[in-house]
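Me: I'd like a close look at one part of this protein, explained in plain words. Here is what I'm looking at.

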Amino acid sequence: ALAQALDARDVILLEGDVGAGKTHFARSLIQSILTSVEDVPSPTFTLVQTYDTTKGEVWHADLYRLTDTREIEELGLTEAFDAAICLIEWPDRLASLRPDDALDITLLTSDAETHRTLTAAWRDPRWTARLTDWTL
């Protein structure tokens, strides 16, 4: 449902510990809007995976291994913020490059292995209207 509310220039910042479900969440979102069925691997080693979707280009980035914001710029991620839907795991690595208008999603594990708690937060008022159906 969230994927249907997204448009180019939307940035989703996925936070949570290792194993919290960030990649699973991103994978499910991407698969729901792909133009054709394809594998959606974790970008842990490639750093960024891109996809053509019914909503335009989607960038899925895992910044866990990055140590400097110059690496983020070299990946072209800051330009992607202005043109694509971007799903960013480990957004703390963005530092000053973190978009102010992003949707923040935090995933927390629970005692039950198959359960997660998802919290969404945003500052930009455009998210309020667009996510009404999703956040109920």
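Is aspartate 39 buried or exposed, and why?

Reply: Keep in mind that this is a predicted model. Aspartate 39 counts as exposed because its relative accessible area is 59%, and the cut-off for that word is over 50%. As for where to find it, look at the loop between α1 (22-31) and β2 (48-53), which is where aspartate 39 sits. It also has company: together with Glu38, Asp52 and Glu57, Asp39 forms a negative surface patch.

For contrast, try two tryptophans. Tryptophan 90 is in a loop too, the one between β4 (85-89) and β5 (103-109). Its relative accessibility is 16%, so tryptophan 90 counts as buried, given that buried means under 20%. Tryptophan 134 belongs to helix α5, which covers residues 132-135. With a relative accessible area of 22%, tryptophan 134 is partly exposed, because its value falls between the 20% and 50% cut-offs. Leaving aside residues up to four places away in sequence, tryptophan 134 touches Ala1, Leu2, Phe25, Ile105, Leu118 and Ala120. If you jump from tryptophan 134 to valine 40, you cross 94 residues in sequence and 23 Å in space, going from C-alpha to C-alpha.

One more thing to check while you're here is the backbone. Most residues other than glycine have a negative phi. Tryptophan 90, though, has a positive phi near 60°. Arginine 9 isn't a glycine either, and its phi is positive at about 80°; you'll find arginine 9 in the segment before β1 (11-15).

Key: Residues are numbered from 1 along each chain as its sequence is written. This is a predicted model: local features need pLDDT of at least 70, side-chain atom pairs count only at pLDDT 80 or more; totals for chains, interfaces and linings use all residues. Side-chain values use heavy atoms; hydrogens and water are left out. Helices (H or I, at least four residues) and strands (E, at least two) are DSSP runs, numbered from the N terminus. Buried means under 20% relative accessible area, exposed over 50%, partly exposed in between (1.4 Å probe, protein chains only). Contact means heavy atoms within 4.5 Å. Patches are made of residues with over 30% relative accessible area and no salt bridge: like charges are joined within 9 Å, nonpolar side chains (Val, Leu, Ile, Met, Phe, Trp, Tyr) within 5 Å. Accessible areas come from the Shrake-Rupley method with a 1.4 Å probe; for residues, only the protein chains shown count as cover. A salt bridge is a side-chain nitrogen of Lys or Arg within 4 Å of a carboxyl oxygen of Asp or Glu. Lys and Arg count as positive and Asp and Glu as negative; His and the chain ends are not counted. The place of a charge is taken as NZ of Lys, CZ of Arg, CG of Asp or CD of Glu.
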